[in-house]
Amino acid sequence: MQEKFMQRALDISLKGNPSPNPFVGCVIVKNNEIIAEGFHESFGKKHAEAVALEKAGSQAEDAVLYCSLEPCNHTGKTPPCTQAIISAGIKKVVAATLDPNPLMQGKSLEQLEQAGIETQAGLLKEKAEKVNEAFFKFQKTKKPFVILKAATTLDGKIATKSFDSKWISSEESRKKVHELRSKVDAVLVGENTVLKDNPQLTSRIENGRNPLRVIVSSKKLSSELNVFSDSNFLIFTTDSDFFSGQKFKAKVIKAKGENNLVDLNKLLSVLGEKNISSLLVEGGSGIFTSFLKEKLVDKLLLCISPKVLGKGISVFGDLGIEKIRNAIELKNVSFEEVGTDFWITGYLAKKKKREEEN
């Protein structure tokens, strides 16, 4: 029964879009029945526990509160949830996982226990940490969780030899991408994608949130391109003089690395400083290859369409891999059919060093 209530808290947590705060859901249970529930809708609004407690009112006394993440015990944009829980007369708090925030890490549960409230942590812990995988990485590294997403043909091409790519994926898959954009903080593409596809990189769904648009370029780009339709963008470049126009003022960051390429590690650090906790890398081949080669990808989303192009633009370039045993491997792989396409989702496995075989 406990797992049922916690699963409900996890499910409703995804209704919100609170980044850079975590997804949190909360249900309040009395006599084995849910009497109130809530989720953290968006950054700056009431936390899930506060929403649920407000709905429960006086019925919250002697009830059990299930939350997908340890309740907060400090004042930020909103008051501490621990005080609201104590004041409401909750008898027990069950948290799926502890909060990785240094201000927390079990301190909230200790505070609740000192107030005479029974606590429990770890119920559906793995599921809860997966829901907030970006938040957990950001709290530990201060860099965004990097998701690489590509739509390819069966033979691994993202465009024809003349760079035509509209559309490799199905309409249903493109809708899924818009939903994904709505959930991340930023979307990144390289200069070739901007010049050849002229994408908007927006979330074209009802009530969707548009992510920050991040462009990596060592070329001068026209301010008339779709990615510059408003001020919600950043340009990382090797030469800031390329972007001296007024529209680009304060939106250009010089991050020159080796071989006259943009330093992607610096790029991620700068985004982290700007509270960008999740980054969706959408293309093209050169960008995909660089992120993989530098081991900066956390999660890979590959949309494979039942099409064959033959000669064309490959999704990945030279990764410097000469032996099969050194191939990049995925773990925790899952599969999903979307429209006529087949989606593969996996996490980048950290390879152990091996001795050379004779």
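**Figure 1. A nonpolar surface patch with residues from strand β15 in the predicted model.** Strand β15, residues 330-338, supplies three residues, the largest share of the nonpolar patch. The patch is formed by L330, V333, F335 and F342. Together these residues have about 340 Å² of accessible area. V333 lies in strand β15. V333 counts as partly exposed because its relative accessibility is 38%, between the 20% and 50% limits.

**Figure 2. The start of the chain, at M1.** M1 is placed in the segment before α1 (2-13). With a relative accessibility of 57%, M1 counts as exposed. The C-alpha atoms of M1 and N32 are separated by 7.9 Å, although the two residues are 31 places apart along the chain.

**Figure 3. Helix α4 and the elements packed against its buried residues.** Helix α4 covers residues 107-114, and its buried residues are S108, L109 and L112. They cover an arc of only 95° around the axis, so they are on the same side of α4. Packed against these buried residues are α3 (81-88), β4 (92-95) and β5 (118-121). G116 follows α4 and has a positive phi, near 90°.

**Figure 4. The largest nonpolar core.** This core has 34 residues. Those with the most contacts inside the core are L188, F236, L267, L271, L279 and F291. Helix α9 (residues 264-273) contributes five residues to the core, the largest share. Another core lies apart from the largest one and has 26 residues, including V194, F228, F243 and L301. Leaving out residues up to four places away in sequence, L188 touches V214, V216, L267, L279, L280, V281, E282, G283, I287 and F291.

**Figure 5. Helix α10 and the residue that follows.** Helix α10 spans residues 285-293. Its buried residues are S285, I287, F288, T289, F291 and L292. Two of these, I287 and F291, are among the residues touched by L188. K295 follows α10, with a positive phi near 55°.

**Figure 6. Salt bridges E54 with K46 and E118 with K92.** Side chains of opposite charge can pair when their charged atoms come close. The whole structure has 13 salt bridges. In the bridge between E54 and K46, the closest N and O atoms are 2.4 Å apart. E54 counts as exposed, at 55% relative accessibility, while K46 counts as partly exposed, at 44%. E118 and K92 form another salt bridge, with their closest N and O atoms 3.7 Å apart. This pair links distant parts of the chain, with E118 in strand β5 and K92 in strand β4, 26 residues apart. E118 counts as partly exposed, at 49% relative accessibility. K92 has a relative accessible area of 15% and is therefore buried, the limit being under 20%.

**Figure 7. The buried salt bridge of E133 and K299, and a network of salt bridges.** The closest N and O atoms of E133 and K299 are 2.9 Å apart. The pair links distant parts of the chain: E133 belongs to helix α6 (residues 133-141) and K299 to strand β13 (residues 299-304), 166 residues apart. Both residues, E133 and K299, are buried. K149, R181 and E282 are joined into one network by salt bridges that share partners. E282 is also one of the residues touched by L188.

**Figure 8. Cis peptide bonds at P20 and W167.** Most residues other than glycine have a negative phi, and most peptide bonds are trans. The bond from S19 to P20 is cis, with omega near 10°. P20 lies in the loop between α1 and β1 (25-30). The peptide bond from K166 to W167 is also cis, with omega near -5°. W167 is placed in the loop between β7 (157-160) and α7 (171-183).

**Figure 9. Positive phi at K142 and F163.** K142 is not a glycine, yet has a positive phi of about 60°. K142 is in the loop between α6 and β6 (145-152), and is partly exposed, with a relative accessible area of 43%. Phi of F163, another residue other than glycine, is positive, near 70°. F163 is in the loop between β7 and α7. With a relative accessible area of 37%, F163 is partly exposed.

Key. Residues numbered from 1 in each chain as written. Predicted model: local features only at pLDDT ≥ 70, side-chain atom pairs only at ≥ 80, totals over all residues. Heavy atoms only, no water. Patch = residues over 30% accessible without salt bridge, like charges linked within 9 Å, V, L, I, M, F, W, Y side chains within 5 Å. Areas by Shrake-Rupley, 256 points an atom, 1.4 Å probe, with all protein chains shown as cover. Salt bridge = Lys/Arg side-chain N within 4 Å of Asp/Glu carboxyl O. Helix = DSSP H or I, 4+ residues; strand = E, 2+ residues; numbered from the N terminus. Buried < 20%, exposed > 50% of the residue type's maximum accessible area, 1.4 Å probe, protein only. Arc of directions from axis to C-beta. Contact = heavy atoms within 4.5 Å. Core = buried A, V, L, I, M, F, W, Y, C linked by side-chain atoms within 4.5 Å.
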